[in-house]
Amino acid sequence: MRIARVESTELFGGTAQRPLQIVRVTVVNDGPALETPATVRVVGAGVSNPDPFGIDGLISGEERTVEVQVEIAAPYQPGSSRPVTVIAEAGPVRTEATAEITVAEPGWTMWMVSHFHYDPVWWNTQGQFTQSRLSLPDENGELPEVRTAFELVHLHLEKARRDGDYKFVLAEIDYLKPYFDAHPEDREDLRRFLDAGRVEIVGGNYNEPNTNLTSAESTIRNAVYGVGYQRDILGGDPRTAWMLDVFGHDPGYPGLMAAAGMTSSSWARGPFHQWGPADNERMQFPTEFEWVSPDGNGLLTNYMANHYGAGWQMQKLPDLPAAEQEAYKQFRELAPVAATRNVMLPVGADHVIPPRWVTDIHRDWNARYVWPRFVTAVPREFFDAVRKEAAGGDVWITPQTRDMNPVYTGKDVSYIDTKQAQRAGEIAVLEGERLATLAWLEGAPYPAESLDKAWRQLAYGAHHDAITGTESDEVYLDLLGGWREAWERGDGARGAAAAHLAGLADTSADPIIAGSAYWREPLQADSVRGSIVVFNTLARPRSGPARVTLKLAAPGPVWLDALHDDRQRVAALAEGAARHPDGTLAEITLTFWTADLPALGYRTYWAYACAEPDQSITSGWLPKPGEQAISNDLYRVSAAAERGGTLEITDQRTGDLVLRGPGNELVLQDE
């Protein structure tokens with residue numbers, strides 16, 4: 001008989017008040033079968049064996065690993081080493097081996113959170129992902145793990161009904177609303193599980209938006225729709241921003257979510273690599289931290305260092321012991337980078353059925369070991385445990401700022417029209433809301449339903465597999481329709497409100513033309529002037545170019561004289577001139593500079609009809625003589641046309657060049 005291996009573990013037996021660390025000892029019987037039971041002891045300085053481990057029936061050639069419980073005398077430091085002697089005896093047969101064991105720390109818990117990540121759009125359409133895809137059995141007659149959202153919600157609820165230890169999370173409105181609209185009979189059970197703490201509705205958002213590609217207002221509306229449905233319709237209490245798969249966050253995101261009532265967040269991508277750091281020792285701060293927004297508010301955050309599919313590795317294993325060893329492996333990788341003695345293990349993957357072994361582990365593991373505990377849980381239990389331990393004063397939850405997901409940089413440029421469409425829709429809807437509110441105060445109807453639909457389209461398009469450009473071609477075409485609808489609804493509200501307000505503006509005696517882009521009456525050939533009302537929809541004074549397309553009934557003027565406001569003459573650029581058969585103007589687009597428009601206000605400009613082109617209204621772009629440069633109080637930017645527009649940026653305060661070399665250059669770099 002010989003001792004082949006001695007292995008330290010983080011496992012403890014005994015009791016919570018007197019934990020005994022477990023040392024795994026592998027014994028090999030190289031001789032005949034043992035006639036008497038064998039005992040295995042581990043002893044050393046400060047290491048004692050309350051009860052030797054007994055081995056029965058060790059036959060010839062057999063190798064067996066046993067778990068020996070030892071008591072480490074205080075004081076001790078977790079991570080320190082203790083020399084020990086391992087003794088195996090069976091009657092007259094005795095063997096010894098020396099080894100070193102690493103002192104472990106009791107009190108750890110791994111919280112196993114069952115989930116399924118859902119994408120309403122990605123390589124398949126929302127209809128296919130949500131309900132209509134047909135799941136066919138494989139050659140063994142087994143259905144796939146990946147199912148539609150309708151199947152998944154039903155299966156997870158059904159497992160919770162059958163297994164009292166099962167807990168799980170639900171998240172995105174993209175599947176929650178259609179499912180519970182179609183299956184109201186499941187709402188009672190859902191609320192029962194919510195009350196019992198066995199289901200937690202997480203997210204606090206419409207979906208998982210990529211907020212570093214959208215406006216802050218889109219993030220706010222995403223939260224308004226998410227919290228509104230999850231809390232006020234389903235009866236949940238969303239506290240965790242569950243952003244598993246997103247490829248980037250606005251640095252202000254934690255502050256906005258804190259304002260929406262969130263207290264925590266959890267996600268997997270970044271800050272070290274898209275799939276996690278691979279070697280968790282590379283991490284520069286713990287997986288739990290206070291994610292702080294520039295406004296000073298923030299969320300207690302858990303970074304899923306082994307990704308949101310870490311616990312799903314157990315699903316494919318053949319039996320419970322193998323699944324428990326995989327769970328223990330995950331614990332050993334995650335514990336060294338945890339801020340407290342709490343580890344969250346996400347057990348799920350994309351569009352997957354309830355996990356196979358999680359409740360069996362919950363029951364069997366905790367019956368055998370005191371620490372670490374492996375328990376089924378929802379995120380709130382994990383975050384409460386982290387806060388409780390941190391409140392003891394021995395743990396510092398470090399503050400972290402910035403975009404915490406600097407991965408997939410291609411998302412910022414691929415399918416660039418998706419980003420442009422989202423932003424155009426956001427601006428149109430925001431401006432439409434502001435002007436429509438002012439118009440409503442002056443008696444116009446407010447387009448509430450239309451603008452609500454527009455924001456829902458924009459929330460949908462902000463999803464991390466939509467605006468990022470990672471979707472399939474069919475999905476891309478579907479999304480374009482949504483962005484187009486959002487923009488059209490916003491632009492329609494903006495135009496109607498502007499026309500209503502312009503009609504109320506004082507255009508001094510002869511208001512022949514009115515509206516930010518709409519003319520109430522055509523400018524006739526004999527008209528003296530026409531008025532153009534330019535609105536500023538921002539809550540601060542604003543200067544910038546304005547553009548308006550004028551449609552003129554026949555006969556129109558031959559040309560337009562310079563535009564004037566109430567103070568000075570204004571130069572304009574005329575483009576796209578079209579004429580009636582009689583040669584008079586039928587349509588023209590004017591671009592002109594507006595200076596210091598009041599906050600949420602307007603200014604009136606006038607166009608004068610004339611018989612000859614006026615020099616202040618230029619037809620077409622002209623080259624600017626001299627150096628090509630623009631500047632303000634802080635910076636001066638100059639361009640070199642002979643180099644294809646290469647830029648040079650100068651700090652006006654110091655005279656120093658901001659860039660080390662020419663800007664706007666095409667450079668090939670090794671990654």
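In this predicted model, strand S16 gives the most to the lining of the largest cavity, supplying four residues. The cavity itself holds about 90 Å³ of space. Fifteen is a fair number of residues to keep track of, so it helps to start from the middle: of the 15 that line the cavity, Asn302, Tyr303, Ala305, Leu334 and Met344 are the closest to its centre. As for secondary structure, strand S15 (298-303) and strand S16 (342-347) each bring at least two residues to this lining. In chemical terms, the lining splits into nine nonpolar residues, five polar ones and one charged.

That void has company, since the count comes to four cavities of 30 Å³ or more. The second largest cavity has a volume of about 40 Å³. Around it sit His115, Phe116, His117, Val169, Leu170, Ala171, Glu172, Tyr175, Glu208, Trp242 and Leu244. Sorted by type, this set gives seven nonpolar, two polar and two charged residues.

Strand S15 turns up again in a sheet. Five strands make an open sheet in the order S12-S13-S15-S14-S18, and the pairing is mixed. Strand S12 (240-242) and strand S18 (399-400) sit at the edges with a single partner strand each, so one side of each has no neighbour in the sheet. Further in, strand S14 (residues 288-292) pairs with S15 over five bridges in the antiparallel sense. Within that pairing, Trp291 is the residue opposite Leu299 of S15.

A second open sheet has four strands, ordered S1-S2-S6-S4, and here the pairing is antiparallel. Its edges are strand S1 (2-14) and strand S4 (47-48); each has a single partner strand, so one side of each is left without a neighbour in the sheet. Eight bridges hold together the antiparallel pair of strand S2 (residues 19-28) and strand S6 (residues 63-72). Val25 faces Val66 of S6 across this pair.

On to the strands with the higher residue numbers. Strand S28 (residues 628-631) runs antiparallel to strand S29 (residues 635-640), with four bridges between them. The two are joined by a hairpin of three residues, and Ala629 stands opposite Ser638 in S29. S29 then pairs with strand S30 (residues 646-651), again antiparallel, through six bridges. Here Arg636 has Thr650 of S30 opposite. The hairpin of S29 and S30 has five residues between the strands, and in it Gly644 adopts a positive phi near 80 degrees.

The backbone has a few other features to flag. Ala74 and Pro75 are joined by a cis peptide bond, with omega at about -5 degrees. Pro75 belongs to the loop between S6 and strand S7 (81-90). Another cis peptide bond links Trp371 to Pro372, this one with omega at about -15 degrees. Pro372 is located in the loop between helix H8 (358-368) and strand S17 (373-376). Then there is Asp596, which has a positive phi of about 55 degrees despite not being a glycine. Asp596 is part of strand S25 (residues 585-597).

Last come the helices. Two packed helices are described by the angle between their axes and the distance between the axes. For helix H10 (residues 416-441) and helix H12 (residues 473-504), the axes come within 7 Å and cross at roughly 30 degrees. Angles under 35 degrees count as roughly parallel, and that makes H10 roughly parallel to H12. The contact of H10 with H12 draws on 18 nonpolar, six polar and four charged residues. As to handedness, H10 passes H12 in a left-handed crossing.

Notes:
Residues numbered from 1 in each chain as written. Predicted model: local features only at pLDDT ≥ 70, side-chain atom pairs only at ≥ 80, totals over all residues. Heavy atoms only, no water. Axes fitted to C-alpha atoms, helices over the stretch in contact; angles between N-to-C directions. Parallel < 35°, antiparallel > 145°, perpendicular 65-115°, else oblique. Left-handed = near helix turned anticlockwise from the far one by under 90°. Nonpolar A, V, L, I, M, F, W, Y, C, P; charged D, E, K, R; others polar. 1 Å grid on protein atoms, 1.4 Å probe; cavity = no way out; pocket = protein on both sides within 12 Å on 5 of 7 lines; lining within 4 Å. Points joined across faces, edges and corners; volume = space filled by probe spheres on them. Pairing = 2+ DSSP bridges.
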